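The following exercises concern the enclosed spaces inside a protein. Each task is followed by a solution in steps.

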Amino acid sequence: MRVARETAAGGSEATLTPRRRVRAPSGRLVLMASAVAAAAVATIPLVYLLVRVVQADGHEIVDALWSGRIATLMVNTVGLVIAVSTACLVLGVAIAWVLVRTDLRGRRTWLVVTSLALAVPSYVAAFGWIATTEVRGFWGAFIVLTLCNVPLVTLPTIASLRLANSASEDVARTLGRTRWQAFMETTWPQIRPAALAGVLLVALYVLSDFGSVALMRYQAFTWAIQVAYESLFDRTLAAVMSVVLAAMGIALVVAERRLRGVRARFGSAVAARSAPVPVPLGRWRWVAHGGLALVALLSLGVPLGALAKYLVLTTETSTTVQPGELLADALSTVGLAAAGAAVALALALPIGILAARFRSRLARVTESASYLGLALPGIVVGLSLVFFSLNVAPMLYQSIWMLAFAYGVLFLPKAVGAVRSSIGQVEPGLEDAARTMGLSPARVWTRVTARIAWPGIGAGVLLVALTAMKELPATLLLRPTGTETLATSLWRLTSGTAYAAAAPYALVLIAVAAVPALLLTREVAGGRRQPEETL
């Protein structure tokens with residue numbers, strides 16, 4: 001295992017040398033084998049696509065690849081990914097800095113309010129904007145996807161800021177650097193892995209999102225793939241476009257790794273215990289309050305207002321919605337999401353640990369493979385697992401276990417990113433010190449590494465559960481007969497234009513998803529109540 005050896009004089013990163021504790025190769029081999037197995041599971045959808053493409057006629061593949069349609073879809077999709085990712089990075093880091101490093105009052109409340117956007121499905125948010133505004137096309141999709149995904153950058157950045165060593169920033173200030181220069185030179189390198197991991201999740205989500213782009217009438221890859229599968233019945237064209245989409249997802253993972261830097265600095269968990277002096281905002285505090293209120297209004301107020309309008313102005317729901325059915329769907333949603341989060345955690349732990357502690361080609365390949373699921377539309381992942389269950393494990397076909405497995409594959413990147421960034425924040429010297437005290441590798445993990453990294457890992461698990469609650473295409477394909485979730489019932493009612501009857505399901509879905517969102521903010525904030533000065 002390679003770690004950064006700090007020099008005694010400056011404490012800066014020097015050479016990378018193997019750790020002595022890897023003398024016995026068994027633990028390392030088990031970790032590598034587990035990571036390879038988990039990555040192989042994540043590649044099942046891609047294998048399905050390749051099988052479909054290989055079985056297709058060569059002329060059809062060439063025609064699909066060289067058509068002007070593919071080029072248009074690629075330009076549209078790449079443009080949307082870049083715009084949303086950039087906006088989420090700027091907004092997410094700015095919100096995190098205000099909530100952690102300033103003296104703004106009510107920071108805990110603002111953390112909760114700004115994070116609740118995660119509980120709103122993008123298709124529900126898009127419906128709210130369509131019902132209340134004239135925004136459509138690129139700008140409609142850009143606004144909706146940005147507002148729904150900003151917390152994916154804000155939350156890991158907050159967690160990383162709280163662990164970052166602020167002493168180096170104070171030293172930079174004493175050397176004449178401005179606050180901006182000191183932040184970029186000392187703090188940004190420490191929080192960059194977490195922030196860029198969040199941006200990667202945003203970019204992959206935008207690549208795979210179907211609901212909002214379809215409602216906004218924006219022609220992206222996911223919209224075209226859904227049309228090819230369901231309307232044109234051209235699975236070859238859909239498979240070719242899905243392979244192109246997967247290639248774009250891999251390119252995003254590679255770009256994120258290069259931007260993250262191969263020598264990311266580890267923040268000292270011990271030094272981070274000394275809270276930095278809050279930056280006084282003065283009269284700028286009203287600007288901060290106003291900006292946070294505007295983000296909350298646009299991300300929560302618009303969709304909730306549209307749903308409330310349907311509930312208040314119509315009486316259809318009183319005769320259509322049955323409370324018992326609504327409760328059953330809510331319980332099914334929670335149970336399936338929890339099972340999917342457990343699967344994702346089991347797959348993510350070996351991949352994330354390997355990526356955080358070993359800088360090898362195998363670590364890079366397994367981490368890249370784990371991100372494939374999120375780069376593909378849910379319908380493609382669903383169809384691939386239908387194919388897999390029928391041909392490999394027929395006893396799992398249309399079972400809750402296969403659906404939970406699908407959630408684990410789809411949202412594995414969220415768990416991998418959380419595990420990698422959280423383990424990477426743990427100072428390797430703490431593990432070495434524990435080993436010198438005679439602790440076994442397992443005890444070092446449970447008593448040192450896991451305890452420090454758990455807030456970030458737990459946040460990733462909650463994020464997986466939160467996202468699984470809102471997932472629709474794969475759920476429609478893989479759910480057992482007679483099983484409904486809030487998302488599938490919402491889809492069934494809205495597809496029949498019963499918008500008033502669908503409104504209670506949408507509101508309950510947001511309320512149920514708000515629970516892991518609130519727990520997520522608690523994990524990020526440190527898991528226990530703290531004084532307002534430290535958030």
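**Exercise 1.** State how many cavities of 30 Å³ or more a search of the whole structure finds.

*Solution.* The model is a predicted one. Searching the whole structure at that cut-off yields three cavities.

**Exercise 2.** Describe the largest cavity: its volume, its lining and the elements that contribute to this lining.

*Solution.*
Step 1. The largest cavity holds about 90 Å³ of space.
Step 2. Its lining consists of Leu118, Val120, Ser122, Cys148, Asn149, Leu152, Tyr205, Lys414, Leu463, Leu466, Thr467 and Lys470.
Step 3. Two or more of these residues come from each of helix H7 (137–163) and helix H21 (441–470). The greatest contribution is that of H21, with four residues.
Step 4. Sorted by class, the lining of the largest cavity comprises seven nonpolar, three polar and two charged residues.

**Exercise 3.** Carry out the description for the second largest cavity, giving its volume, its lining residues and the classes to which they belong.

*Solution.*
Step 1. The space in the second largest cavity amounts to about 60 Å³.
Step 2. Around the second largest cavity lie the lining residues Ile95, Thr114, Ser115, Ala117, Leu147, Val150, Pro151, Thr154 and Val295.
Step 3. At least two lining residues are supplied by helix H5 (107–115) and at least two by H7. H7 provides the largest share, four residues.
Step 4. The classes are six nonpolar and three polar residues, with no charged residues in the lining of the second largest cavity.

**Exercise 4.** Which charged residues line the largest cavity?

*Solution.* Lys counts as charged, and the lining of the largest cavity includes Lys414 and Lys470. These account for the two charged residues in that lining.

Definitions and conventions: Residues are numbered from 1 along each chain as its sequence is written. This is a predicted model: local features need pLDDT of at least 70, side-chain atom pairs count only at pLDDT 80 or more; totals for chains, interfaces and linings use all residues. Side-chain values use heavy atoms; hydrogens and water are left out. On a 1 Å grid over the protein atoms alone, a cavity is a set of points where a 1.4 Å probe fits but cannot get out, and a pocket is an open set with protein on both sides within 12 Å along at least five of seven lines; lining residues have an atom within 4 Å of a point. Grid points are joined across faces, edges and corners, and a volume is the space filled by probe spheres set on the points.
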